[in-house]
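Trainee: I've got this one open on my screen and I'd like to go through one part of it properly with you. Could you take your time and link the pieces as you go?

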Amino acid sequence: MEPSTQDGWPEHAAPPAALQAFIQNDLAALARRRRLRLALFAAFGLGLALGAGWGGTHRSPAAGTVAHWAVLIGFALCGLGLSAMAFGLSLPAGRKLRPLVGLGVAAGLALLAVMISTDPAHGSPLSHGGGCLLMGAGVAVALLLLAVGLGRNVLRRHAPTGLLLGVGVGLLGLIPLHIGCPILSAGHLMLWHGLVPVLSGGIAGIAWALMEPA
C-alpha cells in the first residue's frame, strides 16, 4: 500500500503544508457560513410555518395532545434535516442522498398516519382538499424562496439539492395544515396533505435541474 500523509494524501502527491492549511481554513469558513444560514432559515422558516398555522381561524381536533405536538416536531425535524443536507451539512456521499429524499417523504406520510381518524364524520377525501393543498403549497414555496435566498453561494451544487429542499420545505409546509385543519380522515390527510411535499419536491427538483450550471 502506498504511504500517505496524516490527511490521507499520497506522500508523492501531498500539497505543501501551507496550501493544506489554506484549504482547511477555507472549508471551515464555508462550514460556518452554512451553519449560520441554516440557523437563520430554521428560525424564519419555523416562525413562518407556525405563524401561518396559529394565525388561522380553525384548529385541528387533536390540537394540544401529545401526539399532535409529536407530529409537529417530527415534521420540523424531517424538514430541517433534509434542508441541512441541501445546505451541505450532515451529508452522506453520492447516491445515498436520493434514497434519503424518499425516506423523508415516507416519514412525512407516516407522521400523517399518526393523526388519522376512522370517524367518517370528518368528511370525504375531497372535503376542503383544495384549500389545504393551496395553503401547504403556498407556505412551501415561500420557504423555498427563503432557503434559496439565504443559501446563495452555500447550497450544494453537485447533489439533488432541489429535491432535498423541495421535500424539506414541503414537510415544513405541513405544519400549518396540521395546526389548523379540522379534518382527520385518512383520505384527506394522505391525499391533500401528502401531496404537499411530493409536489414541492418535484417542482423544486425540476427547477433546480434547469437552473443548475453544467
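Trainee: Among contacts between residues at least 6 apart in sequence, what percentage join residues at least 24 apart? With that in mind, please take a close look at helix α5, residues 161-180, and at what its residues touch.

Mentor: Sure. Your percentage is 85%: that share of the protein's contacts between residues at least 6 apart in sequence joins residues at least 24 apart. Keep in mind that this is a predicted model. There are seven helices and zero strands, so to speak a plain α-α-α-α-α-α-α when you read along the sequence. Of the 214 residues, 40% count as buried.

Now α5 itself. The helix has 20 residues, and from its first C-alpha to its last it reaches 30 Å, close to the 28 Å expected at 1.5 Å a residue. Of those 20 residues, 19 are buried, so the rest of the structure largely encloses α5.

Let's come into the helix from the chain before it. The loop between α4 (129-150) and α5 holds N153, which is worth a click. N153 isn't a glycine, and yet its phi is positive, about 70 degrees. Most residues other than glycine have a negative phi. As for its surroundings, N153 is exposed, with a relative accessible area of 74%.

Step into α5 and you can pick out L163. L163 has 31% relative accessibility and therefore counts as partly exposed, the buried class being under 20%. Leave aside residues up to four places away in sequence, and L163 touches V101, G201 and G205. Where do those partners sit? V101 falls within α3, which covers residues 97-114, while G201 and G205 fall within α7, residues 195-211. Also have a look at A207: its C-alpha is 9.5 Å from that of L163, with the two positions 44 residues apart along the chain.

While you're at α3, try A110, which has its place in that helix too. A110 counts as partly exposed at 45% relative accessibility. Its C-alpha and that of G74, 36 residues apart along the chain, are 10.0 Å from each other.

Back to α5, and down to G180. G180 is buried, at a relative accessible area of 14%. Setting aside neighbours within four places in sequence, G180 is in contact with H58, R59 and S60. You can also measure across to G55 on your screen: the two C-alpha atoms are separated by 8.8 Å, for residues 125 apart along the chain.

Follow S60 from the other side. S60 lies in the loop between α1 (17-54) and α2 (66-86), and at 6% relative accessibility it counts as buried. Its contacts, not counting residues up to four places away in sequence, are H68, H178, I179, G180, C181, P182 and L184. So H178, I179 and G180 of that list belong to the stretch 161-180 that makes up α5, because the helix is given as a run of residues.

Just past the helix comes I183, in the loop between α5 and α6. I183 is buried, with a relative accessible area of 4%. S60 turns up again here: the C-alpha atoms of I183 and S60 are separated by 7.1 Å, although the residues are 123 apart along the chain.

Carry on along the chain and you reach α6, residues 186-193. H188 has its place there, and at 0% relative accessibility it counts as buried. The side chain of H188 makes a polar contact of 3.2 Å with the side chain of H193.

H193 also takes part in how α6 meets the next helix: M190, L191, W192 and H193 in α6 meet L195, V196 and P197 in α7. The residues of that contact divide into six nonpolar, one polar and no charged. How are the two helices set against each other? Their axes come within 5 Å and cross at roughly 10 degrees, so α6 and α7 are roughly parallel.

That takes you back to α5, since α7 also includes G201 and G205, which L163 touches. To recap the helix you asked about: L163 is partly exposed, G180 is buried, and 19 of the 20 residues of α5 are buried.

Methods
Residues numbered from 1 in each chain as written. Predicted model: local features only at pLDDT ≥ 70, side-chain atom pairs only at ≥ 80, totals over all residues. Heavy atoms only, no water. Axes fitted to C-alpha atoms, helices over the stretch in contact; angles between N-to-C directions. Helix = DSSP H or I, 4+ residues; strand = E, 2+ residues; numbered from the N terminus. Parallel < 35°, antiparallel > 145°, perpendicular 65-115°, else oblique. Contact = heavy atoms within 4.5 Å. Nonpolar A, V, L, I, M, F, W, Y, C, P; charged D, E, K, R; others polar. Expected span 1.5 Å × (residues − 1). Buried < 20%, exposed > 50% of the residue type's maximum accessible area, 1.4 Å probe, protein only. Polar contact = N/O pair within 3.5 Å; in protein donor to acceptor, adjacent residues only side chain to side chain.
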